[in-house]
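Subject: Structure handover

Hello,

Here is the structure for you to take over. The notes on what was found in it follow below.

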Amino acid sequence: MSAVTSESTPASTPGPGTAGSGRKGGTPNGFSLRDVLSGNGTVTVLAIILSLVISGLLIILTDEDVLEAAGYFFSRPLDTLAAAWSAVASAYAALFRGAIFNYRGDTFSEGIYPLMESLTVATPLIIISLGIAISFRSGLFNIGGQGQMIFGAMFATWFGVHLQLPAGLHLLLVLIMGVLGGALWGAVVGFLKALTGAHEVILTIMLNYVAIHLVTYFLYTPVLQREGSTNPVSDFLPSTAVFPLLFGDSFRLNWGFVVAVVATVFAWWLMKRSSVGFQLRAVGANPDAARTAGVSVKRMYVVAMAISGGLAGLAGMSQVAGTEKMLNTDVAGSFGFDAITVALLGRSNPWGVFAAGLLFGALRAGGVTMQTETGVPIDIVLIIQSLIVLFIAAPPLVRMIFRLPAPGALQARATADPVTQPALAGAVAATTASADGHAAPADSATIGDAVGVAAGDAGCPEPAATDPSTPTPAEGDQR
């Protein structure tokens with residue numbers, strides 16, 4: 001059997017595509033261009049491009065000039081094509097001018113104003129999306145960001161309006177109270193799930209409605225309502241409780257964006273470098289295995305929802321202490337549900353969420369300019385966002401459209417040999433089948449056949465010695 005075992009080793013012999021050519025164990029030492037193209041990052045970029053293309057087709061189909069030119073398409077087809085190109089180009093150019101840079105501005109401030117506005121809009125979206133992403137990584141589908149954001153905004157507003165403190169201390173207290181308000185509302189979900197096993201989706205949906213109606217009630221009572229007003233709005237926060245502007249009075253961007261960057265770094269450190277983050281990821285990957293390893297799954301549910309809610313509350317605080325400077329019933333808007341989209345687009349990775357938040361902030365800011373200048377409905381921006389999520393959620397569809405290989409397919413094709421690999425695998429399995437290291441008699445022929453097939457192209461080495469007790473085919477016929 002030692003001869004058979006020794007014959008099984010040519011699988012590790014250097015050859016084309018193996019260790020002798022820069023590969024070890026069938027794994028490439030470097031990445032080819034097609035390896036890069038098959039990655040998740042490329043799929044994300046292509047999903048965005050594909051959504052822009054489809055949205056461009058919708059712009060063409062709804063543009064009046066294009067529809068008018070299409071009436072005489074067969075007589076003058078170039079007019080229709082020119083109108084279609086003009087409709088799409090002008091719409092996306094307006095989107096760019098409203099989101100990134102206004103190249104028609106007379107001054108530098110006017111030119112970069114759209115970028116500052118995009119960062120302002122993206123600030124609360126980034127923060128709340130980080131919280132949603134952490135809950136996703138922990139195995140919890142938190143769709144209660146809206147309610148948690150409202151609670152953070154309520155706590156921040158009350159302490160901002162009813163207390164008079166020095167500038168730095170007041171703002172710090174408002175920030176802490178915003179985080180605390182969201183964390184408490186999120187922890188309620190984690191506690192109920194840990195205690196009763198109730199599903200977090202149902203809990204967060206119901207608590208969203210509770211938070212919405214609760215803030216409406218408080219804004220109609222002296223608890224939060226502005227004195228002398230009949231509208232559901234609070235008093236303006238004093239200057240000591242709001243974020244200072246980051247680049248002067250020309251822009252709305254404030255230090256809340258710096259808080260969003262710090263929150264991203266915190267989320268990255270929490271999930272990648274801390275023991276709590278390791279336990280959260282373990283629970284998200286496999287609660288039973290985490291429980292077996294000694295992790296308190298119920299405690300992690302409460303911790304995950306508290307952290308997620310705390311970040312959502314911080315987003316609410318950034319709204320009332322940053323851009324709005326007061327509280328109203330629409331403080332959360334659609335941030336709670338947009339955050340789910342951003343978290344999915346960022347694949348629940350903190351820096352991916354940060355980039356996705358910037359993208360959605362730019363789409364929001366640029367969509368207004370696109371509608372104002374070209375008449376394209378702002379709903380096109382919502383379609384773009386929806387298509388991005390659709391394609392991100394279905395990467396095989398994107399790979400099929402652009403004919404990209406699946407992850408690992410290139411490596412499998414490069415290293416697999418349809419003749420020798422199955423045979424050698426069978427030889428190794430047969431050699432190690434028994435406890436004493438010797439294969440059963442019936443397996444010896446299998447090993448010999450496997451080695452013979454595997455080495456057939458290598459000059460037909462001498463056959464391995466067989467067990468004397470094993471009958472030869474001729475003896476078997478005589479018997």
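Phe 96 is partly exposed, because its relative accessible area is 37%, between the limits of 20% and 50% that separate buried from exposed. The model is a predicted one, so please read everything below as computed from predicted coordinates. Phe 96 sits in helix α5, which covers residues 77-99. On the surface, Phe 96 belongs to a nonpolar patch together with Ile 100, Phe 101, Tyr 103 and Leu 115. The accessible area of this patch comes to about 430 Å².

Leu 95 is also placed in helix α5. Leu 95 has a relative accessible area of 9% and is therefore buried, the cut-off being under 20%. Beyond the residues within four places in sequence, Leu 95 has contacts with Leu 363, Gly 366, Gly 367 and Met 370. The C-alpha atom of Leu 95 is also 9.5 Å from that of Glu 373, although their positions lie 278 residues apart along the chain.

Met 370 leads on to the core. The largest nonpolar core contains 101 residues. Ile 134, Met 317, Leu 327 and Met 370 are those with the most contacts inside this core. With residues up to four places away in sequence left out, Met 370 touches Ala 91, Ala 94, Leu 95, Gly 375, Val 376, Pro 377, Ile 380 and Val 381. As background, nonpolar side chains in soluble globular proteins tend to be buried together.

Some totals for the protein chain:

- The chain has 21 helices and 2 strands.
- Of its 479 residues, 43% count as buried.
- About 24,100 Å² is exposed, and 66% of that comes from carbon and sulfur atoms.
- Where contacting residues are at least 6 apart in sequence, 71% of the contacts join residues at least 24 apart.

Next, the charged pairs. How many salt bridges does a search of the whole structure find? The search gives 6, and three of interest are described here.

Glu 117 and Arg 252 form a salt bridge in which the closest N and O atoms are 2.4 Å apart. This pair links distant parts of the chain, with the two positions 135 residues apart. Glu 117 lies in helix α6 (residues 108-137), whereas Arg 252 lies in the loop between α9 (200-218) and α10 (256-273). Glu 117 is buried because its relative accessible area is 15%, while Arg 252 is partly exposed at 38%.

Arg 364 and Asp 338 also meet in a salt bridge through their side chains, at 2.2 Å from N to O. Arg 364 is in helix α15 (residues 350-374) and Asp 338 in helix α14 (residues 335-345), so this bridge ties together parts that are 26 residues apart in sequence. Is Asp 338 buried or exposed? Asp 338 counts as buried, since its relative accessibility is 15%. Arg 364, with a relative accessible area of 24%, is partly exposed.

Arg 76 and Asp 79 make a further salt bridge, with 3.3 Å between the closest N and O atoms. Both ends count as partly exposed: Arg 76 at 49% relative accessibility and Asp 79 at 29%.

Helix α14 also holds Thr 341. Thr 341 counts as buried because its relative accessibility is 18%. Apart from neighbours within four places in sequence, Thr 341 is in contact with Phe 360, Gln 385 and Val 389.

Last, the aromatic rings. The structure holds 9 aromatic pairs. One of them is Trp 158 with Phe 159, an edge-to-face pair with 5.2 Å from centre to centre and 75° between the planes. Trp 158 is partly exposed at 34% relative accessibility, and Phe 159 is partly exposed with a relative accessible area of 23%. The rings of Tyr 217 and Phe 218 have centres 5.6 Å apart and planes at 50°, so this pair is tilted; only planes over 60 degrees apart would count as edge-to-face. Phe 218 counts as partly exposed, with 23% relative accessibility. Ring pairs also join Phe 151, Phe 155 and Trp 185 into a cluster.

Regards

Conventions: Residues are numbered from 1 along each chain as its sequence is written. This is a predicted model: local features need pLDDT of at least 70, side-chain atom pairs count only at pLDDT 80 or more; totals for chains, interfaces and linings use all residues. Side-chain values use heavy atoms; hydrogens and water are left out. A salt bridge is a side-chain nitrogen of Lys or Arg within 4 Å of a carboxyl oxygen of Asp or Glu. Buried means under 20% relative accessible area, exposed over 50%, partly exposed in between (1.4 Å probe, protein chains only). Helices (H or I, at least four residues) and strands (E, at least two) are DSSP runs, numbered from the N terminus. Patches are made of residues with over 30% relative accessible area and no salt bridge: like charges are joined within 9 Å, nonpolar side chains (Val, Leu, Ile, Met, Phe, Trp, Tyr) within 5 Å. Accessible areas come from the Shrake-Rupley method with a 1.4 Å probe; for residues, only the protein chains shown count as cover. Contact means heavy atoms within 4.5 Å. A nonpolar core is a set of buried Ala, Val, Leu, Ile, Met, Phe, Trp, Tyr and Cys residues joined through side-chain atoms within 4.5 Å. Rings of Phe, Tyr and Trp (its six-membered ring) pair if their centres lie within 6.5 Å; planes under 30 degrees apart count as stacked, over 60 as edge-to-face and the rest as tilted.
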